[in-house]
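Okay, thanks for coming, everyone. I'll put the structure up, and then we'll go through the chain contact first and a few spots elsewhere afterwards.

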Amino acid sequence: MWQNYFKVATRNLLKNKSFSFINIFGLAVSMSVCLLVIMLIHDAYQFDTFHPDSGRVYRVLTDAQRKGGGEESYATTPFPIGKTLAEDYSYVETWTPLVRRLNAVFTRQDKQLEMRGLLTDSTFFDVFGFKLESGDPATALSEPNSVVLTRESAERFFNKENPLGQVLENQTLGNFKVTGVLAPFPGKTHLEFDALGSLSSLEGIEQRVTDWSAIRNNWNNYYGTYNFVRLREGVNRETAEQALAQISKEAYADLELESRDAGYRFRLQPLESITPGPHFSNNMGRGMPDTLIWFLTMLSGIVIFSACFNYTNLTIARALTRAKEVGVRKIMGASRRQVFGQFITEALVVSGLALLMAFVMLQATIPLFSQLQFLEFTDVSLKLDLPTAAWFLLFSMMVGLLAGALPALVLSRFQPVAIIQKLQNTRLFRRVGLRKVLLVSQFAVSLVFLILLTVSWRQVNFAMQGNFGFNANTIVNVNLQGQEYNRVLAAFEQNPNVVQTSAVSHLMGTWQDSDVDVRTKPGNEPEGVRDYFIDDQYLGNLGIKLVAGQNFPDNPTQARELFAVVNEKFLTHFKLGEPAEAIGKSIIVGDSTVLTIRGVVEDFLYKPLSYALEPLLLRYDPAQWQIVNLRLQATDMPAAITSLERSWKKVDKSNALSYQFYDETVRENFASLYDMMWIVAYFAGMGILIACMGLLGMAIYSVETKAKEISIRKVIGAAPRDLIRMLSKGYLVLLAIATVVAVPISYLLGSKMLEIFAFRISMNVLIFLPGVAFLFFLGMLTIGSQTVRAALGNPVNNLRSE
Amino acid sequence: MIKTTNLSKVYRTEEVETTALNEVDLEIKEGEFVSVMGPSGCGKSTLLNVLGMIDSPSGGDYHFMGEEVGRLSERKRSNVRKHNLGFVFQSFNLIDELTVYENVELPMLYTKVPAAERKQRVEELLEGMNIMHRRNHFPQQLSGGQQQRVAVARAIVNRPKLILADEPTGNLDSANGDEVMKILSQLNSEGTTILMVTHSQYCAEFGNRIIRMLDGQVVTENLVKQYL
């Protein structure tokens, strides 16, 4: 029987080549998009799949409730909460803390390398599926100041040498002895580290570095530790969360909380749902945010539904041509289920062929998508393996079922007697209204895509041209890489290409961020203000203008750390009066540091355009400087960079110069926006192509069914122009309705989208016009291709065949 | 085999109500060859469709082989149909996408006849109808007479007890028409009951009884001369 179904399906496809092409190509286009998204999503779910019993492993999260209302969730928790949970509650099988106290530059002989390190103990190897290729997991992290390296970091430091027993030095944290090397990771993980230090080193570190907030017994430090627990079998998450509530109730009963906090709630997050998962503060690792997965799924859903609708629409419209066959089959004894099965099989054959075509299209799309930066940010790659291929097949079958269900239902309902009676009388077109509604929706959705694309394109261009209020051109930022600021500066100041230098903690005009609590009086509620640590050359080098007061003094004998330079917005926000009045006033920063306002700079954008203009605090502290800004004066930039590299070699022989042109850095902040725009453009293109295929199908069909009418009209004197108008009018009305529907929707969505930008374009007619014009152009082209052919044909052909 | 009492069929649209069958009482015995005649629109084809269970009656009783079938569900009717009835139409109604062989084989797919037996039966029939050499052709590649022979082969491949033929020679020239009528007579002589609608007196006389209809009613019933 199936053989018979397949035979009829393929013969029908071959018989009606244009409709088959529209159906297969339309489905293939949308499927290629979906295959791409399936690959992305499949890979995004490959994080942390290699840990033993991972279904029972959880990360403890903190929900910090703020005094002013609202809540912020953190991936980190106070160290003692994990410890108490493990010690006091028997249903916790294992607990492993990961403490963020080993991020530092380590030295070994003449090599200096920056490492991301976590402090933990042997339970790490019990909870997680990482294996050691040398060293003993039971003892490697027992002794204080032991360190286990990843294979990559071991090679960076020691090349082919045996790392075991070697020592890595750091002046602040102490010296660490290498006690193990991890085998390459068995899979992707959200845990990002180059080294694991022994937890027993923490005591020594806390004694050496006194200005760090304590970790071990500190219930207020919920920033420094990732607590992971594995529950015993059969214990559910809610039970453990009740214990967390009990623990926190007791621990915070008599404790003074951080100034901005009203309380904390702790909960468990399954290890398996960390990546992809929601975004929390202090999240570790890359991985696709779940919102992006939803976004992509939604876009693919729209595109595939649109293509399925084309199939459904065309197949139902052309059902009349199959009525005789259905009738004969039913008279021969076919049941309704068998006829349904036959047409579903046909849809599956079409979706199978579309899958093959989509697969070919996918090969062309993968290289384009691979260039997108968000793949790197999210550590997701596009690769085809057996499970992905299985997903493809399953998806193609689902598409077949989705597209074929309605036509199969309609066709299987045909009564056998219909073939004996006159077919023309069969009322198959009761759903014409529904089909029009769907066609309008298809075009409306495409138009919304197009308009949103115009909005984002214009906004990104606007942002790129935005004036950051500081002069980033011709500045090269050099990363200090742990080198002493004075030595680096001395080396560069001798370079003839460098005309001016300055230093800063992190870069303005990027997403790099830091803030500090600020009050104007001790009793006031502290408020977070973004702060940068700069040197006395910074304002001059970046061309930032003072409106009152002075820059930081260049005299090292003065206590420059006790001064502050703020922007005008800072003054209005904290009600400090006019710039001239504010000079000399005091502010309290952090818990108790008192700074005197020495200068006021004019307001300028120091963050990417999505931020509103906010108060800004500029401080002075050489220990915080990470970057030197070198203003170059050179016509031959490559030569200038080579000379900078030579200057850098004088300071650091082992590490290469790490630099970037400032204007490029600023531009790169928009990479993710560009990526999103690219993706929306891609989906918009696909959506329109599919909608046009649907329109083409309907136009061919309507010209086919009206062939006799067209011929009669011609015979009685209609000119081609009249006929084109008659055939196109209905579709143009549909396009117009689609526009009327799409414009307000895209106005709302576009305005909502622009809300994330503090400085944004305004929505005007020029935003809508290109999309609408493009849609009408394509629509007319599609309809015209059929109507013109019909209007210019020879009337006798159709009349003779009648 | 067939017994109807007050069988009626009414078609309703928003404006008109048409009575196609008006309380028809009819009996057909096993082994009979009955021809139905009458002017266009008198209800001949409707009668054939209702008796062939491809249309349901609006009223009255219809007993087929002792069982009331007029009010059966479509699924049950389909089941009775595929095991007992064969259809031959004026316009052949072959499936264009299937070859001669596949068209004849089709009814056996629905009655789940094993593949080897299907092959044997189809080949026997095609040989018998003298169209074996056309087995791999599609219907459009055949002459009208050949198409109707394929349709007859398809109608009898499941060895039905009753063949319903709706103007089987209407689209054929006289030579091909004769050919088809001879095949039907042969089948009847082998025991198959035949109910045939026709406009042609010549064809009607191949049967042993002629029913004449007018305005949805049976007006006369006569035995054909040689059976008088």
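When I say contact here, I mean heavy atoms within 4.5 Å. And please keep in mind that this is a predicted model.

So, how many residues of chain B are in contact with chain A? By that cut-off, 26 residues of chain B are in contact with 24 residues of chain A. Put the two chains together and they bury about 2,400 Å² between them, with 57% of that on carbon and sulfur atoms. If you want to know which residues to click on in chain B, go for B:Ile54, B:Glu97 and B:Tyr110: they lose the most area to chain A, and together they account for 28% of what that side buries.

Now the polar side of things. Between chain B and chain A we count 4 salt bridges. One to show you is A:Arg11 with B:Glu102, where the closest N and O atoms sit 2.5 Å apart. There are also 8 residue pairs in polar contact between the two chains, counting pairs with both residues at pLDDT 80 or more.

Which elements of chain B supply that surface? You get at least two residues each from α2 (74-84), β6 (85-89) and α3 (100-110) of chain B. Of the elements, α3(B) gives the most to the side touching chain A, namely 5 residues. Sort that side of chain B by class and you have 12 nonpolar, 4 polar and 10 charged residues.

Let me swing over to chain A on its own. Have a look at helix α10, residues 336-370, against helix α12, residues 386-412. These two helices of chain A pack at an angle of about 140°, and their axes are 7 Å apart. The crossing of α10(A) and α12(A) is right-handed. As for what lines that contact, it's 18 nonpolar, 6 polar and 1 charged residues.

Last stop, some backbone details. As a reminder, most residues other than glycine have a negative phi, and most peptide bonds are trans. With that in mind, go to the loop between β13 (261-270) and α8 (290-317) of chain A, where A:Pro276 sits. The peptide bond from A:Thr275 to A:Pro276 is cis, with omega near -5°. A:Asn282 is also found in the loop between β13 and α8 of chain A. Its phi is near 60°, so to speak a positive value in a residue other than glycine.

That's my tour; over to you for questions.

Terms used:
Residues numbered from 1 in each chain as written. Chains lettered and ligands numbered in written order. Predicted model: local features only at pLDDT ≥ 70, side-chain atom pairs only at ≥ 80, totals over all residues. Heavy atoms only, no water. Buried area = accessible area lost by both parts, 1.4 Å probe. Salt bridge = Lys/Arg side-chain N within 4 Å of Asp/Glu carboxyl O. Polar contact = N/O pair within 3.5 Å; in protein donor to acceptor, adjacent residues only side chain to side chain. Helix = DSSP H or I, 4+ residues; strand = E, 2+ residues; numbered from the N terminus. Nonpolar A, V, L, I, M, F, W, Y, C, P; charged D, E, K, R; others polar. Axes fitted to C-alpha atoms, helices over the stretch in contact; angles between N-to-C directions. Left-handed = near helix turned anticlockwise from the far one by under 90°.
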